[in-house]
Amino acid sequence: MRRMAAVAAVAAVTLGAAVTLGLAACGGGGGSPTSTSKSGGGGGEVEVFTWWAAGSEKLGLDALVGVFNKQHPDIKFVNGAVAGGAGSAAKDLLQSRLQANDPPDTFQAHAGKELTDYIDAGQIEDVSALYDKFGIRDVFPADLLKLLTVDGKIYSVPSNIHRSNMVWANPSVLTAAGLDPKATYDSIEAWFPALDKVKAKGKTPLSVATTWTQVNLLETVLMSDLGADGYIGLWDGSTDWKGAEVTKALGDFKKLMSYTNKDRDGLDWPEATQQVIDGKAAFNVMGDWAVAAFEEQKKVAGKDFIYFPVPGTDGTFGFLADSFTLPVGAPHPDGAKAWLQTVSSLEGQTAFNKAKGSIPARTDAKPSDFSEYQQTAIKSFGQDTIVPSLAHGAATPTSVLNAIADATSKFTTGASDLKTYQSELAAAVAP
Ligand code: GAL
């Protein structure tokens, strides 16, 4: 049993084993792309808006486009990607376009509260009819579908599931610092002595990048120090943001930040992860899109890099999922529907996720099609406590995330002290 707690409406939800990814590991199954028609003839196009603009993320998108071109050869893919990890630039631009009635044909949105924003604003269409047309009502975990659904209407098609709370490390740097790459750390506190050893060798103990990656780090420290239930309570009101547990977690976050690279605010996640790949840094905390960066550079898991859940979060899966929408007023709705069909298809999900580092949202994907890391993620998703990612739209509306990011940036650039930071976080979540 695992709980996809708090991801939906921030309340614990018990999942049955039936939704466990990989259980139905026989491949094929209903709703395969062949059961849907090619998109009507007559040509057309689809502008697909994402932030998968470069590097390994673009390779993931390219893989999906490859399947799309095969399934819908008469529809032209128009790449509307806007650079900036986690949608740090894309989401604002998208909002301006939506408000100016200039939507793309489809855009990337995170399952959970971020998607609910678009639904509440009347910016995206109910796509339930496509679920019937494509035969995909039963191919996704029921609790994932709940995150895409309001009042019985489903508003997007999920492409993948990522895990936010992973550490990526360079074993050579660890060994040179006198650390055993196989060592495990039970808590953030237990990790500090290892970071000190790396520091003593003149390397960056922990690489990080601009604000959103610092928020990604913060969420994992909160998961670690508060435990899954305490972390979930931050989003349903049962954990006090002003309490001593949060103060302790913010203290640990502050200390972790003291081990990071000074150029962090000018970098995005690929550069921070690259510091580990290049042996300049020992550890990087990043969602598991990072594995795709190692793999793109032909790095071998266990030899060139290692990974483990953020200390103190073993058994907790920081959940986020990308999904694609049909915006109200999309200029090419047929193109968008064709894109959604490819996103939903087993072939599309397999090709995309192999390249992206995530795991397929479809439960009938074959685990053996995926890398060693991804197989561990599939297993963890099946057995861990699932908690919603803050930095990636699952836990809070975008306005709350933005306020948390602003407070975090102030704190990590030295413009506020811990007490102020904590009260700003509390105010952000419960204004
Ligand atoms: C997340 C997104 C992932 C990945 C990451 C880094 O928000 O869900 O697919 O792209 O940002 O940009």
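1. In this predicted model, the residue that stands opposite Met286 of strand β12 is Met166. The pairing behind that match is between β10, which spans residues 166-169, and β12, and these two strands run in the antiparallel sense over four bridges.

2. Strand β12 also pairs with β11 (residues 204-207), although here the sense is parallel and the pairing extends over three bridges. Within this second pairing, Ser207 is the residue that stands opposite Asn284 of β12. How many of the residues of β12 are buried? Six of its six residues, 281-286, are buried, and the strand is accordingly described as mostly covered.

3. A separate point concerns the open sheet that three strands form in the order β9-β14-β16, with mixed pairing. The strands β9 (162-163) and β16 (385-388) stand at its edges, and because each has a single partner strand, one side of each is left without a neighbour in the sheet. Between β9 and β14, the latter covering residues 316-320, the pairing is antiparallel and comprises two bridges; as one instance of it, His162 has Leu320 in β14 as its bridge partner.

4. Helix α14 should be read together with this sheet, since the helix lies across β9, β14 and β16 and runs at about 100° to β14. Lys379 belongs to this helix, which is made up of residues 372-383. Is Lys379 buried or exposed? Lys379 is exposed, because its relative accessible area of 55% is over the 50% that the term requires. For anyone checking distances, the C-alpha atom of Lys379 is separated by 9.2 Å from that of Pro367, a residue 12 positions away along the chain.

5. Turning to the ligand, 13 residues surround it, and the closest of them are Glu57, His110, Asp322, Lys356 and His392. Glu57 places a polar side-chain atom 2.5 Å from an oxygen atom of the ligand, while for Trp52 the corresponding separation between a polar side-chain atom and a ligand oxygen atom is 2.8 Å. Ala86 contributes through its backbone instead, with an N or O atom of the main chain lying 2.9 Å from an oxygen atom of the ligand. On its own the ligand has 300 Å² of accessible area, and the protein covers 100% of that area.

6. Ala86 deserves a second look for its backbone geometry, as its phi is near 60°, which is a positive value in a residue other than glycine. Where is Ala86 found? Ala86 sits in the loop between β4 (76-79) and α2 (90-99), and it counts as buried because its relative accessibility of 9% falls under the 20% limit.

7. Asp151 likewise has a positive phi in a residue other than glycine, with a value near 50°. The loop that holds Asp151 is the one between β6 (149-150) and β7 (153-154). In terms of accessibility, Asp151 is exposed, because its relative accessible area of 73% is over 50%, whereas Ala86 is buried. A reader who inspects these positive phi values should therefore keep in mind that one belongs to a buried residue, Ala86 at 9%, and the other to an exposed residue, Asp151 at 73%.

Methods. Residues are numbered from 1 along each chain as its sequence is written. This is a predicted model: local features need pLDDT of at least 70, side-chain atom pairs count only at pLDDT 80 or more; totals for chains, interfaces and linings use all residues. Side-chain values use heavy atoms; hydrogens and water are left out. Buried means under 20% relative accessible area, exposed over 50%, partly exposed in between (1.4 Å probe, protein chains only). Two strands pair if DSSP finds at least two bridges between them. Contact means heavy atoms within 4.5 Å. Axes are lines fitted to C-alpha atoms, for helices over the stretch in contact, and angles run from 0 to 180 degrees between N-to-C directions. A residue is near a molecule or strand if one of its heavy atoms lies within 4 Å of it. A polar contact is a pair of N or O atoms within 3.5 Å; within protein, one must be able to donate a hydrogen and the other to accept it, and residues adjacent in sequence count only if both atoms are side-chain atoms. Accessible areas come from the Shrake-Rupley method with a 1.4 Å probe; for residues, only the protein chains shown count as cover.
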